[in-house]
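I opened the notebook to record what I looked up in this structure, element by element. The sequence and the model come first.

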Amino acid sequence: MSANIRDLIGQGKLAGAGLLSDDAVARAAEIVKRVEAEGIETIRLLFPDQHGILRGKTVAARTLTSAFASGIGVPSTLLLKDTSHRTVFDVWSGAAEVDGLGFQGASDVLLVPDPDAFHLLSWSPHSAIILCDVVQRTGAAVHFASRTVLRTATEKLAEAGFAATMGLEVEFQVYELTGNGLDHTQATMPGAPVTTRNTTQGYQYLTETRYGEAEDLLDELRRAAEVMGLAPRSMEIEMGPSQFEFTFDASDPMGQADRMVLFRTLVKEVCQRRGLHGSFMAKPKLPNASANGWHIHQSLQTLEGANVFVPDADGVPTPEASAWIAGLLDHAAAACLMTTPTVNGYKRYAPFQLAPNRIQWGTDNRGAMIRALLFAGDNASRIENRAPDTTANPYYALAAQILSGLDGLTRGAKAPPATDKPYEGADKLPPSLIAAIETFEASPLFRQTLGDGFVTYLSHLKRAEWDRYLMTVSEWEQAEYFNLF
């Protein structure tokens, strides 16, 4: 049976187009066999979209062989939506193109299941997720697709003789639902926000009693992450009300990006089943709520595995670490669109809040944008970028780290002196989404490495979001002008 499955997959469209290697075909056949043996009924074939949101189709398990052989078609407009889920590119004119690709008539693109990205679901044990790559129907690449962008960055780094290791440190909130937003009048684009109350009071950072209050929830989230193979490392009570943090074992960039989108999904789905609401919004508009950061830990290795960030003396960057830090600093403003991609995220950049607002680095300094953890003899020596937030598309965000750091390496750049005053004396990060868009568009780095088409694509998406924000009448305007005029 398994040999026949392998033949069917190996003779299919994907393998014939070179989209599945011989090894991948063998692994795919083993997954089909495992699904049958374990009685799994449905498979969620998902891809991370331009916002890092998982989209796709759920198929009956008996169709999995066909999916591995031929892929699954989905509307190309899934790649063309802003955060309200509106399609913001014209697909109805005869010349509808994005990055040279035709999307006329909301035509299909193809999902290619990745047999190395198969994940069981503890909260839905009859089902499993397989992450997919997105290609054109011909098999040609979609260059701005999330996994493709990150793969491009890691390949460029490998060409330079290096590999990166990344670590996840993710903050989020879990609230009790008091209103689910399902009234007919609330079915808008985007949907009306749900209403909530706290699950914990907060402001008792890392206290045992708060952990005890939330242990049942945190245990379920941890177990779900373990079943999915996400390698959770620590579960923590964060600063604010209802705020938590998970960290994960370090791994390669693609593995960490996959973990991030899967973790966000599992938190939201597990919480929903409990009558809770999990949120990774950067700065929720709720009384006393704290902002959520995503701190990206990163180190650099030779292709033989030696960490080139390990210094001879504590806190003194190696030439490679210095160059990498310099690259991150030089391109920090331009990279913000890939690490802080929402209107809301820029309201997190405030002084004295354990979030950066200026472009500089410091030695083990949590106020600085770049926190360097470089210790002699410590193979875990790394740097931590504290600018990103938890709404970031992790594939784009990690690609931005790699391409910025690689540029510093290529130029032989040197980092400026470390700061001990992280909220003084340096250029500020962009103050708004539109400032980030304009800086991103003006920077040559991402045009040179990811192409003009990618820059145009991402800018168009985010300008659509910014334009909707500008045209929305705010509470501030109502309070300022309604009585006065």
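How many bridges join strand β14 to strand β17? I counted 3 bridges between β14 (residues 296–302) and β17 (residues 382–385), which run antiparallel. I noted beforehand that this is a predicted model, in which local features need pLDDT of at least 70 and side-chain atom pairs count only at pLDDT 80 or more, while totals for chains, interfaces and linings use all residues. Residues are numbered from 1 along each chain as its sequence is written, and side-chain values use heavy atoms, with hydrogens and water left out.

**Entry 1, the sheet with β14.** I took helices (H or I, at least four residues) and strands (E, at least two) as DSSP runs numbered from the N terminus, and I called two strands paired if DSSP finds at least two bridges between them. On that footing I found an open sheet of 5 strands in the order β8-β14-β17-β16-β15, with mixed pairing. Its edge strands are β8 (162–167) and β15 (361–363), each pairing on one side only. Neighbouring strands of this sheet are turned by 25° against each other on average, direction ignored. Helix α10 (residues 394–411) packs on the sheet and touches β8, β14 and β17, its direction making about 50° with that of β14. For such angles, axes are lines fitted to C-alpha atoms, for helices over the stretch in contact, and the angles run from 0 to 180 degrees between N-to-C directions; contact means heavy atoms within 4.5 Å. Within the β14 and β17 pair, I saw Ile 296 opposite Asn 385 in β17.

**Entry 2, Trp 361.** I then went to Trp 361, which has its place in strand β15. Is Trp 361 buried or exposed? Trp 361 counts as buried because its relative accessibility is 4%, the limits being under 20% relative accessible area for buried, over 50% for exposed, and partly exposed in between (1.4 Å probe, protein chains only). Leaving aside neighbours within four places in sequence, Trp 361 is in contact with residues including Pro 317, Ile 325, Leu 329, Pro 416 and Thr 419. The C-alpha atoms of Trp 361 and Pro 416 are separated by 8.3 Å, although the two are 55 residues apart along the chain. A polar atom of the Trp 361 side chain lies 2.7 Å from the backbone oxygen of Pro 416.

**Entry 3, the other sheet.** I found 5 strands forming an open sheet in the order β2-β1-β7-β6-β3, again with mixed pairing. β2 (54–60) and β3 (72–75) are the edge strands, each pairing on one side only. Strand β1 (residues 42–48) pairs with β2 in the antiparallel sense over 7 bridges, and Leu 46 has Gly 56 in β2 as its bridge partner. Helix α5 (residues 146–159) lies across β1, β6 (108–120) and β7 (127–135), running at about 65° to β7.

**Entry 4, His 119.** I located His 119 in strand β6, and at 10% relative accessibility His 119 counts as buried. The side chain of His 119 reaches the backbone oxygen of Met 228 at 2.6 Å. Not counting residues up to four places away in sequence, His 119 touches Ala 128, Ile 129, Met 228 and Leu 262.

**Entry 5, α9 and α11.** Last, I looked at α9 (332–339) and α11 (residues 433–442), which pack at an angle of about 115° with their axes 8 Å apart.

Definitions and conventions: Polar contact = N/O pair within 3.5 Å; in protein donor to acceptor, adjacent residues only side chain to side chain.
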